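Let's take a walk through a protein chain together. Have the sequence and the 3D view ready, and follow along at your own pace.

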Amino acid sequence: MTLHVVYSYSCPQCEAHYIPYMADVVCPRCGAAATETFDYIPKAARSVRFNLESYGTYIPPAWWVGSLGDHILHVMFPVFENFRLQTSTTDFSEFALMSFSAMNWGDQQYLRDHVIRIAGLVYDEMQRQPKRDPE
Ligand SMILES: [Zn+2]
């Protein structure tokens with residue numbers, strides 16, 4: 001099994017899809033304030049760590065994308081896995097910036113910096129969350 005984070009939100013002004021993961025997060029495309037917040041970071045961190053603890057890799061064997069929350073996890077999993085497997089840098093922020101900048105975001109270019117920030121926060125949160133006891 002895997003841990004999904006089912007959440008979608010679109011900007012009331014420009015309809016861009018993004019995640020208002022904190023109170024001060026504004027639309028990454030038009031800058032409008034969000035009308036709600038969703039505590040995405042700790043949930044995403046649990047989902048990412050769950051994969052490693054269950055499968056020995058951050059990339060789950062199967063992943064169904066049913067929401068924006070799941071979509072962002074889907075693009076983050078390989079970045080966390082590649083970071084884990086490489087030895088050239090210990091700076092996750094730098095690694096995430098390079099990895100996400102190399103991706104083709106198509107008409108969702110505005111999501112790139114948004115996802116880079118989310119990935120950095122998820123990484124920090126993963127370091128904070130206690131390790132799950134082996135079952
Ligand atoms: Zn907007």
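We will go from the overall outline to the core, and then to one helix.

This is a predicted model, in which local features need pLDDT of at least 70 and side-chain atom pairs count only at pLDDT 80 or more, while totals for chains, interfaces and linings use all residues. Residues are numbered from 1 along each chain as its sequence is written.

Start with the outline. The protein chain has four helices and zero strands; here helices (H or I, at least four residues) and strands (E, at least two) are DSSP runs, numbered from the N terminus. The C-alpha trace spans about 45 × 30 × 25 Å along its principal axes.

Now look inside. A residue counts as buried if 20 or more other C-beta atoms lie within 10 Å of its own, exposed if 12 or fewer, and partly exposed in between, with C-beta atoms placed from the backbone. Buried residues make up 27% of the 135 residues.

The largest nonpolar core (buried Ala, Val, Leu, Ile, Met, Phe, Trp, Tyr and Cys residues joined through C-beta atoms within 7 Å) has 29 residues. Two or more of its residues come from each of α1 (40-55), α2 (68-85), α3 (92-101) and α4 (111-128). Among the residues with the most contacts inside this core are Ile 19 and Met 76.

Finally, turn to α3. Which of its residues are buried? They are Phe 92, Phe 95, Ala 96 and Phe 100. Because they cover an arc of only 115° around the axis (taken from the directions from the helix axis to the C-beta atoms), they sit on the same side of α3. On the other side, Glu 94, Met 98 and Ser 101 are exposed.
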